[in-house]
Each structure stands twice: as structure tokens, then as C-alpha cells.
Amino acid sequence: MANSAAFDTLSDRLNEAIASLESVPIARVTGRLIKVNGLMLQAVGCRFKLEQRCLVETAEGDMIEAQVVGFSHNVAYLMPVRRLGGLFAGAKVIPLEGDSTVQVSQQWLGRVVNGQGEPIDDGAPLKGGDRVSLEPKPINPLKRRPVDAPLDVGVRAINGLLTVGKGQRIGLMAGSGVGKSVLMGMITQNTDADVIVVGLIGERGREVREFVERNLTETARRKAIIIAAPADESPLMRLRATLLCHRVAEYFRDQGQNVLMLMDSLTRYAMAQREIALSLGEPPASRGYPPSVFSLLPQLLERAGNGENPNGSLTAIYTVLAEGDDQQDPVVDCARAILDGHVVLSRQLAEQGHYPAIDINASVSRCMSACTPKAHGVVANQFRAMFANYAQVKELLPLGAYQPGQDHELDRAVALYPQMRGYLQQNVDERADYAASVTALAQLFQG
């Protein structure tokens, strides 16, 4: 009996020991930090993969998340997601498995989050939802639903002359201080969409609160998701916020909802990628932008637009900063070639108090003919031609050098110019729906 009791006790202890093995941490290979050069970290001693997430130890015992952005021989280059602090030579670098993911759900509506998907609006934590990767598989172009229905953005000049279709991607292109953010706010307030995703990338920190409080009505705020990565965030955080902005919009699009995504700005995304590429030693190609920037832009922009779901749509509007009002700026030129249209804002019109300062003849919507009746397109082209005719004689009028009666089309353009200018102007708090915009456009040329 004593032997049996001893055996049972030994057996119980053995079972407990076996069960406790599950709580013993599995050994993992770690690297070591050997150098910090500006924002770039260098690590060795481990097999790192490109774009792999890592945790870097600090002197305080905390862990800083970083991402592998390049390597040379056995040295891996990492870029931290957040600000640096407390790093030391020989610190542990722990590689993490799996892609960057985030849990998205209806709880995100009405919230303001950072590039990590963490709330920054003092609201409740975001829990649950579908876990999605920040890098989805590309859509087969033959399975994309075509753009064939107009989207009412509430801005008369765009509705009537630069009609945007559901699933179209357009750019708002201008220099600084010409009204890109104000126009984006008007579109956000007035567009009829199920979900609005706004990415404030690399802009001033104060603009985040101002955008929420000034540009979003109570109704729009309930269906809006703001993803903010101000200018003082790391380049990697700005890139991740941009990817998150697109991924959240794609998620709701694939759920069958009509999504409006606005990103301010695409240029700040390109600048963040430029910072990383130059830190890796990539040579600058055009105005300081390395070649990798121009290969990443189409990969990003092609994620917007319609998907395979026949019910959902994703309309994307990007602001693009033209440095020095140069429309041949490399980022502007690249975006113009990729997007489905562009709205150019003129500093000259803004200085004249003409808002929104849209240069109609320099702007185009490539999907307008596919989502509007033929009669609408005819009237819009007539407006453009008439506006271009007036531009030919505009400088002659104050000098008295223009003699009416020589050209009937020029005379008509001069006579209609006040009405055309009034059609293009609109107050910030005014909404012009699509039907009213088209009707007002047709009435300009009646009689």
C-alpha cells in the first residue's frame, strides 16, 4: 500500500511537471542593437526579413516597436514606429512573426485613431472586430466594378463640370494656403456616403481637432473615422497611418458600403518614404525624391476604387501639394498620371477672393463621361469653351483694346462671364446638390 501511494504521488507530480511545461516560454532567437544613426537603427545576430516587425529593448525595460526597412550583408536596418528614447548598445532586438494586422469593426465609426489603430480621442478602447492585414492582396483588374454612377459631393463646380463617379480617385492639387483643406472639408460635410474615412497625414497637429470640430457636422461625425499622424510623428508612423487609412476604407467597401476616403496629403506620404529611402542610402532622382517613391505611389493609389463587391464603392480624394505652385512637381505629375482626375486650385483665383479657387480649364474628371448623361457632358464642354474664350480677351478688356462685334463667340463669352463666375463660386457653409448643379448649368446657356 505504501508503495502504491508513493507511486500515485510520483505520478501526480510528474503530470504537474508536464502541465507546467506549457507555461515555460519557448526560446527565441534575438538580435542585438549595434548602432543608432539618426532615425535608423542597425541590428545583427538574427535572421531579419524585410518589412518584419521587431521589438527593441530600452534601458527602462520597455520595448519600442520598429520595422525592418533594409539590410546590408548581415546588418539589418530598422526604423522605429515611435520616437526614440532609452536605447543602448547591445539592446535586445526581438523579431515578431506575422504581418501587421488591426481589428476593424463598426466601433471605429465616430472615432479618432493614430497610425496604430489606437484611440486618441479619450474614448473607450476599440475591442473585437475582424482582424485584417495592412497589406491585402491586389484585386484582379478584370473583377473591379466599373465607375458608372455619379457621386454628389455638394460642390457646384465639381458636380456640374468635374463630376465625380462612385469609385473614382481624384487629386486636389495646389500650392500651400490656396484652400485644399477647406475644399476637402466642404466635400466631407456634403457628400452622401455610408462611411467617411479621413487620413490627416503629416499635417499640423492642431488641424486634427479643428477638422473634427469645424468641418464635420454631427451627422457626418457619427459615420466618420479620422486617422491622424501629425508632422511630428516618425516617418514610419506616417506611412503606417496611410496604409491603415486605405485598409479601413477597403474593409467597409468590401462590406458593401459606399465609402468616401479623403487623405491630406499624398505629398506628406511621399516625403515620409523619401526620409526612409535617403536614410538607407538610396540616391535622390527627382528633386530629392528617390525612385522608390514613384514605385510605391501606384501601389498605394491602386488600392482605392471599386472592388469585387457589386454593392460597395470606395471613392478617394487626395490632396497633393504643388511646391511653389509648380504643376510639374514630380509628386503632382506622378499622381496626375495615376489618378482618374485632378482638380487644380489657382492661387490667382484665391487672391481675388474666388472660392473654391478651382481652375476649371486646368482640371479634368476622366470618369465624367461614363457616369453622366450625354446632354450633361455637352453643356459642361460648352461652359469650358466659353470660359476659355473669355480668358483670351480678359487682359484686353481693362485696356479698351477689345472691340465687340468681331467674333460672336467671344462677345457671348464676355457677356456670360459674370454668370459663369457666380456659378463657380460657393460659400463654405453652402451645399449645392448634384441635380441643382446640373440644372443651374443648363440654365446658363438658355436663351
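## Tour: sheet, barrel and helix pairs

Select Ile196 and Ala224: Ala224, in strand 14, is the bridge partner of Ile196. The model you have open is predicted. Now widen the selection to residues 195–201, which are strand 13, and residues 224–229, which are strand 14. These two strands run parallel and share 6 bridges.

**Stop 1: the open sheet**

Where do strands 13 and 14 sit in the order of their sheet? Read across the sheet as 8-14-13-15-16-12-17-18. Strand 14 comes between strand 8 and strand 13, and strand 13 comes between strand 14 and strand 15. The sheet is open, has 8 strands and is mixed in its pairing.

Which strands form the edges? Select 112–113 for strand 8 and 364–365 for strand 18. Each of these pairs on one side only.

Next, select residues 206–215. This is helix 4, and it lies across strand 8, strand 13 and strand 14. Helix 4 runs at about 160° to strand 13. Angles over 145 degrees count as roughly antiparallel, so helix 4 and strand 13 are roughly antiparallel.

**Stop 2: the annotated domain**

Select residues 166–349. The unreviewed UniProt entry annotates this range as "domain: AAA+ ATPase". Helix accounts for 45% of the chain here, and strand for 21%. Put a distance between the C-alpha atoms at the two ends of the range: they are 29 Å apart.

**Stop 3: a cis bond, then helix 7 on helix 8**

Go to Asp264 and Ser265. The peptide bond from Asp264 to Ser265 is cis, and its omega is near 10°. Ser265 belongs to the loop that links strand 15 (258–264) and helix 7.

Carry on into helix 7, residues 266–279, and add helix 8, residues 291–301. Their axes are 10 Å apart, and the packing angle is about 135°. The two helices are therefore oblique to each other. The crossing of helix 7 over helix 8 is right-handed. Of the residues in this contact, 9 are nonpolar, 2 polar and 1 charged.

Show side chains on both sides. From helix 7, pick Leu266, Tyr269, Ala270, Gln273, Arg274 and Ala277. They meet Ser292, Val293, Leu296, Leu297, Leu300 and Leu301 of helix 8.

**Stop 4: the barrel**

Move to the N-terminal strands. A closed barrel of 6 strands is found here, in the order 1-2-5-4-3-6. Its pairing is antiparallel. On average, neighbouring strands are turned by 45° against each other, direction ignored.

Select residues 63–72 for strand 4 and 75–80 for strand 5. They are antiparallel and joined by 6 bridges. One pair to label is Gly70 and Tyr77: Tyr77, in strand 5, is the bridge partner of Gly70.

Which helix lies across strand 4 and strand 5? Select residues 235–254, helix 6, which also lies across strand 3 (53–57). Helix 6 runs at about 95° to strand 4.

Before leaving, find Glu51. It is not a glycine, yet its phi is positive, at about 70°. Glu51 sits in the loop between strand 2 (40–44) and strand 3.

**Stop 5: a second cis bond**

Jump to Tyr355 and Pro356. The peptide bond from Tyr355 to Pro356 is cis, with omega near -10°. Pro356 is in the loop between helix 10 (347–351) and strand 18. Strand 18 is one of the edge strands from Stop 1.

**Stop 6: helix 12 and two partners**

Select helix 12, residues 374–393, with helix 13, residues 408–424. Their axes lie 8 Å apart, at an angle of about 110°. That makes helix 12 roughly perpendicular to helix 13. Their crossing is left-handed.

Display the contact. On helix 12, the residues include Gln382, Phe383, Met386, Phe387 and Tyr390. On helix 13, they include Leu410, Arg412, Val414, Tyr417 and Met420. By class, this contact of helix 12 with helix 13 holds 13 nonpolar, 3 polar and 2 charged residues.

Now swap helix 13 for helix 14, residues 434–443. The axes of helix 12 and helix 14 come within 10 Å and cross at roughly 60°. This pair is therefore oblique. The crossing of helix 12 and helix 14 is left-handed.

Which helix 14 residues meet helix 12? Tyr434, Val438, Leu441 and Ala442 do, against His376, Val379, Ala380 and Phe383 of helix 12. The contact has 7 nonpolar residues, 1 polar residue and no charged ones. Finish on Phe383: it takes part in the contact with helix 13 and in the contact with helix 14.

How values were computed
Residues are numbered from 1 along each chain as its sequence is written. This is a predicted model: local features need pLDDT of at least 70, side-chain atom pairs count only at pLDDT 80 or more; totals for chains, interfaces and linings use all residues. Side-chain values use heavy atoms; hydrogens and water are left out. Two strands pair if DSSP finds at least two bridges between them. Helices (H or I, at least four residues) and strands (E, at least two) are DSSP runs, numbered from the N terminus. Contact means heavy atoms within 4.5 Å. Axes are lines fitted to C-alpha atoms, for helices over the stretch in contact, and angles run from 0 to 180 degrees between N-to-C directions. Angles under 35 degrees count as roughly parallel, over 145 as roughly antiparallel, 65 to 115 as roughly perpendicular and the rest as oblique. A crossing is left-handed if the near helix is turned anticlockwise from the far one by less than a right angle, and right-handed if clockwise. Ala, Val, Leu, Ile, Met, Phe, Trp, Tyr, Cys and Pro count as nonpolar, Asp, Glu, Lys and Arg as charged, and the others, Gly among them, as polar. UniProt positions are given in the numbering used here, feature names are shortened, and annotations may be inferred rather than shown by experiment.
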